[in-house]
There are 2 protein chains.
Amino acid sequence: MAARDGTVGKALDVLDRVAAYGRPVRFSELLAEGRYPKATLYRLLQVLTSQGLLSHDPDTGQYGLGMRLVRLAHAAWATASLAPVARPHVDALAARTGQVVHLAQLDGGQVLYVDKVSPRAGVEMFSASGRIGPAYCTGVGKAMLAFLPPREAEAVLAQQSFHAFTPATLDAAALGADLERIRAEGVAWDREEHEPGIVCVAAPILSRGGRVLGAVSVTSALGRDGLDGLAGHGEDVRRTARAIGEDAQAWRFPERAEMRIAERG
Amino acid sequence: MAARDGTVGKALDVLDRVAAYGRPVRFSELLAEGRYPKATLYRLLQVLTSQGLLSHDPDTGQYGLGMRLVRLAHAAWATASLAPVARPHVDALAARTGQVVHLAQLDGGQVLYVDKVSPRAGVEMFSASGRIGPAYCTGVGKAMLAFLPPREAEAVLAQQSFHAFTPATLDAAALGADLERIRAEGVAWDREEHEPGIVCVAAPILSRGGRVLGAVSVTSALGRDGLDGLAGHGEDVRRTARAIGEDAQAWRFPERAEMRIAERG
DNA sequence: CTTACGGTTCCATTTTACGAAACTTGGTTT
DNA sequence: AAACCAAGTTTCGTAAAATGGAACCGTAAG
């Protein structure tokens, strides 16, 4: 977390700290963390504010996150996330199953939701895109973990808290066994491991070369549909994930070997 | 355009440039812009990548925007934008008018859309939140410009391109007169100034102290509803904007009630 | 008037970033 | 195969910056 990347790293660290508060924050609160001396912190905040990554309310003297982040993130979401490519598939899956569908990617050992569609309310927005969740106890998280190359998987696993959200939450050992099963089966199940009464089935989205790009899941509340109802969707989720992977490949890397020859500049 | 804020400023400038491509970009493409020498650009990209603001695909050697931006923006949107507070009002307005409703804020002289609701499709997502538009020829933009303090208004106006998107687009002089009218009337009209066939009515969202927080608008396609149809919604939009402003005040500055009144002028 | 506190500015010192040039890598031409 | 070239990476002396302790300012309380 505290990667020392010179001045830029410090500035982004401060940005993260402000974000972590989840509310506007005063200079003195940040100073009280003791991370940076007064003058240094002051200048970092000045720069971040002047750059629009933070906003400063002169009346209250509080710093909040700046709207430039929203602008940048829109570009990030539109060009680098799976969401735009996956949208039609995700929509169709939600329609077929009549359940909430999530699209997620990995970001720093955590699950980052990049899209969410519920069959009733239609596409949900920003409030869902950008949310993060644990990797070790969600369907999408486990689906991605299972297909990570061993070295990376190890690194990500080392970052997990293994906090027991529910009685069904797996510990590190049980997770290992589950990941094995997921690799064999191609789909991951979350049986109330993160939230009581919530179950889901997820599948990893892989590139042609087998790299993990993300994951899709179908979520259901126990009782309405039950785990049995979801079981029938497993194959559908897997097919959808595969289709998204192929589209992503075509969209992001529009041909490889042959194109190179023609491409001169 | 880019203020020279030391190393951090440069890094963010590079980030913006990558974002501007709207696609993954090679080191050499950025280098060819001639903005930074090789080694400097290289190190800036290294830092941004290691920080997760950019992602680097080792296969293709291309840089794209990183998912950390999406995570940060979610926090920004949820804590610093008007969207969460305004959501119920915006929803209700869309339901009453049966038209598309936009919520926007100012960001660096441009209009930044932070939410959008269409009565049919329901809430739209990220693809709308984060999009930017011109301030001088959109309803929301003009509504905000009109109520900016003179000094700031001048600064923002100086940044406008006044490109004539349509025959109805106002020039600088006509805009000045329109802003006067908007201040008197409390609502702004966009009569096909930005897109042919698209009209809208907007109102500014003000804090109790009169500071511009954002704007709401109702948009319609000419022919279906016409400008006359929209005219009937003007008062509704204004009331909605006022309600949002009050909620925002209560939410962001819970205890500041009496201070603000004294602070007028 | 005095003290205390949050925030801002100064400036000598240290650290960091800079960038021309050298080098490495992988693919293409002679 | 050797020479070549372009893209990307590393080096290193120098130049520029960030740093942070201390002084300063404005406001609110004692």
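This text leads through a predicted model, from the relation of its two protein chains to the DNA strands and then to one helix pair within chain A.

The relation between the two copies comes first. A turn of 179° with a shift of 0.0 Å along the axis lays chain B on chain A, and the RMSD of that superposition is 0.2 Å. The two copies are therefore related as by a two-fold rotation axis. The interface is consistent with this description: 96% of the interface residues of chain B are also interface residues in chain A, so the copies meet through the same surface.

One place where the two chains face each other is the pair of helices α1(A) and α1(B). Their axes come within 8 Å and cross at roughly 80°. A crossing angle from 65 to 115 degrees counts as roughly perpendicular, and α1(A) and α1(B) are therefore described in that way. The helix α1(A) contributes T7(A), V8(A) and A11(A) to the contact, while α1(B) contributes T7(B), V8(B) and A11(B). By class, this contact holds 4 nonpolar and 2 polar residues, with no charged residue.

The DNA strands can be taken in turn, beginning with strand C. There are 13 residues around DNA strand C, and S28(A), K38(A), Y42(A), T40(B) and R43(B) come nearest. Of the atoms of this strand within 4 Å of the protein, 59% belong to sugar or phosphate, and the rest belong to bases. Individual polar contacts reach both parts of the strand. On the phosphate side, a polar backbone atom of S28(A) is 2.8 Å from a phosphate oxygen of DNA strand C, and an N or O atom in the side chain of K10(B) is 3.0 Å from a phosphate oxygen of the strand. On the base side, an N or O atom in the side chain of R43(B) is 2.9 Å from a base nitrogen of DNA strand C. The elements that give two or more residues to the surface near this strand are α1, α2 (27-32) and α3 of chain A, together with α1 and α3 of chain B. That surface has 5 nonpolar, 5 polar and 3 charged residues.

DNA strand D also has 13 residues around it, of which K10(A), T40(A), S28(B), K38(B) and Y42(B) come nearest. Sugar and phosphate make up 58% of the atoms of DNA strand D that come within 4 Å of the protein. A base nitrogen of this strand lies 3.0 Å from a polar side-chain atom of R43(A). Two residues of chain B are placed at phosphate oxygens of DNA strand D: T7(B), through a polar side-chain atom at 3.2 Å, and S28(B), through a backbone N or O atom at 3.0 Å. Here the elements that supply two or more residues are α1 (6-21) and α3 (38-50) of chain A, with α1 (6-21), α2 (27-32) and α3 (38-50) of chain B. The surface near DNA strand D comprises 5 nonpolar, 5 polar and 3 charged residues.

The last step turns to a helix pair within chain A. Helix α6 (residues 139-146) of chain A packs on helix α8 (residues 172-185) of chain A at an angle of about 75°, with the axes 9 Å apart. This angle makes α6(A) roughly perpendicular to α8(A). On the α6(A) side the contact is made by K142(A), A143(A), L145(A) and A146(A), and on the α8(A) side by L175(A), D178(A), L179(A), I182(A) and R183(A). These contact residues divide into 6 nonpolar and 3 charged, with no polar residue.

Technical notes. Residues are numbered from 1 along each chain as its sequence is written. Chains are lettered from A and ligands numbered from 1 in the order in which they are written. This is a predicted model: local features need pLDDT of at least 70, side-chain atom pairs count only at pLDDT 80 or more; totals for chains, interfaces and linings use all residues. Side-chain values use heavy atoms; hydrogens and water are left out. Axes are lines fitted to C-alpha atoms, for helices over the stretch in contact, and angles run from 0 to 180 degrees between N-to-C directions. Helices (H or I, at least four residues) and strands (E, at least two) are DSSP runs, numbered from the N terminus. Angles under 35 degrees count as roughly parallel, over 145 as roughly antiparallel, 65 to 115 as roughly perpendicular and the rest as oblique. Contact means heavy atoms within 4.5 Å. Ala, Val, Leu, Ile, Met, Phe, Trp, Tyr, Cys and Pro count as nonpolar, Asp, Glu, Lys and Arg as charged, and the others, Gly among them, as polar. Copies are superposed by least squares on the C-alpha atoms of residues with pLDDT of at least 70 in both. A residue is near a molecule or strand if one of its heavy atoms lies within 4 Å of it. A polar contact is a pair of N or O atoms within 3.5 Å; within protein, one must be able to donate a hydrogen and the other to accept it, and residues adjacent in sequence count only if both atoms are side-chain atoms.
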